[in-house]
Amino acid sequence: MDSNNVATAPTREELNAELLQVPEPPEQPESPPPPGFEDGIEVAIRHVKGRRGGDLVGILLVGSGARRTLTPHSDIDLLALVKGETDGHEILRVGDRLADIRYHGYRSVEEDLAFSLRLPSLLRKSRILYDHDGVCAKLLDKVHQRFRQGPPSVSINEQIRLKAECYHLLGKAQDLVDKPGTAYYLLTLFYEDCISAFFRLRGFWLVAPVDVHRFMFSREPALADRAGQFLTATTLADRLNFGRQFADLLFKDVPNPARID
């Protein structure tokens with residue numbers, strides 16, 4: 001056979017040169033609020049003003065309503081800022097939705113911004129519904145400033161503590177395989193602690209629970225894959241196995257606790 005007539009396989013570079021760039025999907029417009037959501041907000045505002053009108057200094061809409069990620073089942077999440085240090089929490093039925101209203105002293109919220117792992121990201125996209133003397137506007141200025149500074153750093157001792165707590169829960173679940181209900185419950189706690197550790201160790205602000213996996217995949221796809229395998233495992237043995245893989249990858253750069261003999 002004439003070797004000159006034998007076709008030569010294309011190289012990787014030649015194949016890549018033939019590929020067309022796939023355009024990014026266009027950014028989708030924000031979804032409009034479901035019918036009745038804004039009406040529900042007005043009802044909730046009137047309730048808060050009627051209950052705490054004397055010491056009320058501000059009302060913020062937080063959660064999915066503020067992020068424009070509403071679904072037909074989203075709650076109306078409100079943060080009511082009041083004078084003094086009194087905290088409170090109530091849930092009301094407003095039309096077809098629930099209004100989740102939390103009351104906090106506004107000065108306590110300002111002070112908590114310095115060390116809280118959740119407040120800056122929670123309040124960053126909040127929407128002012130009521131503001132007395134510009135209290136909410138000033139608070140949000142501090143929120144944005146604190147958010148830009150990033151989360152507090154994690155000491156090596158704190159890293160080791162986070163690792164030890166997660167592996168402890170995983171080990172307890174392994175010890176209780178003969179009690180599947182308890183083991184699954186412990187694995188739920190294990191996963192929640194691992195997620196918190198991920199954000200702490202990597203220096204990210206916490207995100208809404210619904211966004212955790214997407215956020216993790218955008219930063220560490222391999223870790224997100226392990227998390228997905230853990231969550232979708234159909235047997236306790238598989239969940240324990242993937243939990244171990246997930247933790248090993250998450251804490252691979254964290255030293256083990258010191259051993260005392």
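**Pockets and charged pairs in a predicted model**

Helix α9 contributes the most to the lining of the largest pocket, giving 4 residues. I start there and then move on to the charged side chains. Please keep in mind that this is a predicted model.

First, the overall picture. The protein has 11 helices and 5 strands. It has 261 residues, and 38% of them count as buried. If you take the contacts between residues at least 6 apart in sequence, 60% of them join residues at least 24 apart.

Back to the pockets. Rolling a probe the size of a water molecule over the atoms shows where empty space is left. The largest pocket has a volume of about 570 Å³. Its lining has 24 residues, and those nearest the centre are R67, R124, K125, V207 and D211. The elements that give two or more residues to this lining are α3, at 64-67, α5, at 119-123, and α9, at 212-219. By type, the lining of the largest pocket divides into 11 nonpolar, 5 polar and 8 charged residues.

The second largest pocket has a volume of about 310 Å³. It is lined by 14 residues, with V62, L79, R102, H104 and L122 closest to its centre. At least two lining residues each come from β2 (76-82), β4 (97-105), α4 (106-112) and α5. Here the division is 6 nonpolar, 3 polar and 5 charged. Helix α5 is thus on the list for the largest pocket and on the list for the second largest pocket.

Now the charged side chains. Side chains of opposite charge can pair when their charged atoms come close. How many salt bridges does a search of the whole structure find? The count is 10. I will go through three of them.

The first pair on my list is R51 with E90, where the closest N and O atoms are 2.8 Å apart. R51 sits in helix α2, residues 37-52, and E90 in strand β3, residues 88-94, so this pair ties together parts that are 39 residues apart in sequence. R51 is partly exposed, at a relative accessible area of 49%, while E90 is buried, at 13% relative accessibility.

The next pair is R202 with E220, a salt bridge of 2.5 Å from N to O. It links distant parts of the chain, with R202 in helix α8 and E220 in the loop between α9 and α10, 18 residues apart. Both ends are partly exposed: R202 has a relative accessible area of 25%, and E220 has 23% relative accessibility.

The third pair stays inside one helix. E158 and R161 meet in a salt bridge, again given as 2.5 Å from N to O. Both lie in helix α7, residues 156-175, and they are 3 residues apart, about one turn of the helix. R161 counts as partly exposed, at 34% relative accessibility. Salt bridges that share partners join E158, R161 and E165 into one network.

E158 also comes up with an arginine outside that network. Which side chain of opposite charge is nearest to R200? It is E158, 4.2 Å away. A salt bridge needs a side-chain nitrogen within 4 Å of a carboxyl oxygen, and R200 has no salt bridge although it is buried. R200 belongs to helix α8, residues 180-202. Setting aside neighbours within four places in sequence, its contacts are L117, P152, S153, V154, E158 and L162.

R146 is another buried arginine without a salt bridge, and its nearest side chain of opposite charge, D112, is 11 Å away. R146 is in helix α6, residues 135-149. Beyond its neighbours within four places in sequence, R146 touches L113, A114, P120, P151, P152 and W205. P152 is therefore a residue to look for twice on screen, as a contact of R200 and as a contact of R146.

Last, two backbone details. R68 is not a glycine, yet has a positive phi of about 60°. R68 lies in the loop between α3 and β2 and is partly exposed, at 32% relative accessibility. D133 likewise has a positive phi of about 60° without being a glycine. D133 is in the loop between β5, at 127-131, and α6, and it is exposed, with a relative accessible area of 61%.

Notes. Residues are numbered from 1 along each chain as its sequence is written. This is a predicted model: local features need pLDDT of at least 70, side-chain atom pairs count only at pLDDT 80 or more; totals for chains, interfaces and linings use all residues. Side-chain values use heavy atoms; hydrogens and water are left out. Buried means under 20% relative accessible area, exposed over 50%, partly exposed in between (1.4 Å probe, protein chains only). Lys and Arg count as positive and Asp and Glu as negative; His and the chain ends are not counted. Contact means heavy atoms within 4.5 Å. On a 1 Å grid over the protein atoms alone, a cavity is a set of points where a 1.4 Å probe fits but cannot get out, and a pocket is an open set with protein on both sides within 12 Å along at least five of seven lines; lining residues have an atom within 4 Å of a point. Grid points are joined across faces, edges and corners, and a volume is the space filled by probe spheres set on the points. Ala, Val, Leu, Ile, Met, Phe, Trp, Tyr, Cys and Pro count as nonpolar, Asp, Glu, Lys and Arg as charged, and the others, Gly among them, as polar.
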